[in-house]
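Please take the sequence and the coordinates below together, and keep both at hand while reading. The paragraphs after them lead from strands to rings, then to backbone geometry and empty space.

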Amino acid sequence: AGLREARGACRRACRREASFARGPAAPWEAAFLERVLQRADCLQHCLRHRLGGPPSAHRVSHAVRRDFEQREPYNYLQVAFFQLKKLDQAVSAAHTFFVANPQHLQMREDMEKYRRMSGVKAASFRDLEATALWEAYEAGVQHYNADEYLQAVTRLEESLREALSALEECRTLCEGPWEDEEKEEEKDGDQEEEKEDMQPGLYEAIAAHYVQVLKCRQQCVIEIATKPGRISATEDFIPSHLDLLQFAYDQGGNKTLAAECAASYLLFYPMDEPMLEKMNQYRTELGKDTVVTARENIQHYVQRSLMEKKLIYYAVEHLGGTFNDPDLWTPDELIPESLKEQQREDQEKQKQETLDVQEKQKRGPLPFEGITITMDSQQMNGTQRVVFDQVLTESECRDLLRLTKAAGGTGDGFRGRRSPHTPHERFEGLTVLKAMQLAQNGDVDWKDAELLLQASEKSRKIIESYFTPGKKLHFSFTHLVCRTAVEGEQEGRMDLSHPVHADNCLLDPEGNECWREPPAYVYRDYSGILYLNDDFQGGGLFFTEMDTVTVTAKVYPKCGRLVAFSSGKENPHGVWAVSSGRRCAVALWYTHAPEHAEQERLKAEELLEKAAAEQDKLDGQLHQGDDRGSSSSQESPMPSDRAKTTRRRHKPSSDGTQHPKELRPRDEF
């Protein structure tokens, strides 16, 4: 932090001391480069003074910089503070790390432990790197949404000032060394010498480095608009401030400042019809003699940004390279025609690739006989949706329902809560590992626990063959879940059993977007739900548009019905209230990423295999005794049948396996 502050301060100071203004008699090149040399000299002296010596010639690696950007040191600090019994500092360090890394599973568990510890104060959960920018912005938006417009303008103005200040700080730090990643990765001396022969000349080097700086400056708006812990930036961060301020000032009665914000907003979107109408209204209300101008700092921001974009696009067109423009408001006429054509070609190529992928993903044959497709995507008014029937028999549904009843008192709820989505229903769940552990302890039948594994695997094969033939689907999470209507709590009920959501992204109905970033389970690719019964009221599954209101399809539960769909924003879904009875199903999530495969399932399969081996050994001993004592003993069944017929009678000995902490998913159908 000290080095960063020193560099920023020195670059700002030297910019003032060695500006690029030319003297009237000096040739432009000599005058320009003279200022370059003076600024370089200024920077060296300034850093030497601030750092107490010459700056190190060694550069921090990308990996180290990335660790600091991701707040990795706080992960180590929380462990060190905990070992030193400095609980307050440990909690603060852990919270600071977790804010920027909400997907970190181990830290999530540590945070839960800290919350349960006695002596830990709520004030200890503080972000040590919290910025005034996001505190002001979120407070301003909250006031705005609550129609508290006077408070909103105060905090939003503060947020805008902080944003512009942070933007300047980021831009200053872009004036760093040339980033030649290929050269940094090169370790071979001969190849390094060969690269030196290919070094650019003076102006090529200046141009390449300067364009790098310009691109970095343009990306600064992404950096300041990305909240810690988020992957995606808030779109139109600066213009959106002005939009909110315009409306808040208008509602607060300050038409002059409302008009100023409207004029500033129009610098970004000069053809925005609603804002143009507001400007006409303000001119009428304020009088035609009143001059309405955009804010000076916003004018400077837009003019400078457009100048930089023009230079970058020129460099990309003539010198090569690419540029990911971070702004939605960039005028179309600023982009060269040749680059527009390239963009169109890239879009067509991407479209064709999408069609090719869809062609490759044509529906494969179902791997089991007797299963019927009741509704496909077209009938369900969407994409990547399907309903299968007769996946389970009535007998298999009864066996799994028996498992839910036997395990109801010992099964797990939703992160320990019995009513996670609504107080009007009681929630019970059972993982495959928990089912095997209960069978191991003799609390449930081994046959029923094994059936849970078999039914979920059968569903996986069906979904894989239908949606992704030839591409492996791994279990992400398997949960046998029941929702029971709470008696006496149903009258006048208006809520849902589960609100509308998507399974791998954060649904934003107002923005008509779904953000695929933590804490959503971004690695999920497909979802399924295998119903076990229909003797209840309500509890139907429904799909909606992105607005979460417009219902596009309805699915009513019944024994053996499997609903499957892709987990993304194309399939928002919810569950209607269970108003009477108990609704049970197996909730299933799948992923193409093997690193996110369900570990509990592997442990459950190990327990089952061990139990089967012990049973085989016991049966062998029994049959040896039968052979010696009687010639009329019955023939031993085949191993697969024996596993099914004997596990109900015998309780395998415990293997001493500790029950792991079970992670709960955010979404349950």
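What follows is a walk through this predicted model, beginning with its strands.

A useful starting point is strand β14, which spans residues 578–591. Of its 14 residues 11 are buried, so β14 is largely enclosed by the rest of the structure. Strand β4, residues 474–485, runs antiparallel to β14 and is joined to it by 10 bridges, and within this pairing Phe 477 stands opposite Trp 589 of β14. Strand β8 also pairs with β14 in the antiparallel sense, over 6 bridges, with Tyr 531 placed opposite Ala 585 of β14. Strand β9, residues 536–538, is a further antiparallel partner of β14, joined to it by 3 bridges, and here Phe 536 stands opposite Gly 581.

An open sheet can be followed separately, with 4 strands in the order β5-β13-β10-β11 and antiparallel pairing. Its edges are formed by β5 (498–501) and β11 (551–555); each has a single partner strand, so one side of each is left without a neighbour in the sheet. Averaged over this sheet, and with direction ignored, neighbouring strands are turned by 20 degrees against each other. Within the order given above, β10 and β11 are joined in the antiparallel sense over 4 bridges, and the bridge partner of Thr 544 is Val 551 in β11.

The loop between β10 and β11 contains Thr 548, whose phi is near 65 degrees, a positive value in a residue other than glycine. Thr 548 is partly exposed, with a relative accessible area of 25%. Asp 147 likewise has a positive phi, near 65 degrees, and lies in the loop between α7 and α8 (149–173). With a relative accessible area of 52%, Asp 147 counts as exposed. Most residues other than glycine have a negative phi, and most peptide bonds are trans. It is therefore also worth inspecting the peptide bond from Pro 518 to Pro 519, which is cis, with omega near 10 degrees. Pro 519 belongs to the loop between β7 and β8 (526–531).

The aromatic side chains add another layer to the picture. A pair of aromatic rings is described by the distance of the centres and the angle of the planes. With centres within 6.5 Å taken as the limit for a pair, the count comes to 19 aromatic pairs. One of them is formed by Tyr 466 and Phe 467, which meet edge-to-face at 5.0 Å centre to centre, with 85 degrees between the planes. Both Tyr 466 and Phe 467 are buried. Another edge-to-face pair is made by Phe 543 and Phe 565, at 5.1 Å centre to centre and with 85 degrees between the planes. This pair links distant parts of the chain, Phe 543 being in strand β10 (residues 541–544) and Phe 565 in strand β12 (residues 562–566), 22 residues apart. Phe 543 is buried, at a relative accessible area of 0%, and Phe 565 is buried with a relative accessible area of 0%. Ring pairs also link Tyr 466 and Phe 467 with Phe 388 and Tyr 526 into a cluster.

Charged groups meet aromatic rings as well. Arg 601 lies over the face of Phe 475, at 3.6 Å from the ring centre, while the charged end of Lys 309 sits over the ring of Trp 329, 5.3 Å from its centre.

The last topic is empty space. The second largest pocket holds about 1000 Å³ of space. It is lined by 30 residues, of which Tyr 137, Thr 234, Glu 235, Asp 508 and Trp 515 are the closest to its centre. Two or more lining residues come from each of α7 (132–145), α12 (237–251), β6 (506–508) and β7 (513–515), and the largest share, 6 residues, is supplied by α7.

A search of the whole structure also finds 4 cavities of 30 Å³ or more. The largest cavity has a volume of about 100 Å³, and its lining includes Arg 171, Arg 217, Arg 304, Glu 308 and Asp 327. At least two residues of this lining come from each of α8, α11 (202–224) and α15 (296–319).

Methods
Residues numbered from 1 in each chain as written. Predicted model: local features only at pLDDT ≥ 70, side-chain atom pairs only at ≥ 80, totals over all residues. Heavy atoms only, no water. Phe/Tyr/Trp six-rings, centres within 6.5 Å; stacked < 30°, edge-to-face > 60°. Buried < 20%, exposed > 50% of the residue type's maximum accessible area, 1.4 Å probe, protein only. Lys NZ or Arg CZ within 6 Å of the ring centre and 35° of its normal. Pairing = 2+ DSSP bridges. Axes fitted to C-alpha atoms, helices over the stretch in contact; angles between N-to-C directions. 1 Å grid on protein atoms, 1.4 Å probe; cavity = no way out; pocket = protein on both sides within 12 Å on 5 of 7 lines; lining within 4 Å. Points joined across faces, edges and corners; volume = space filled by probe spheres on them.
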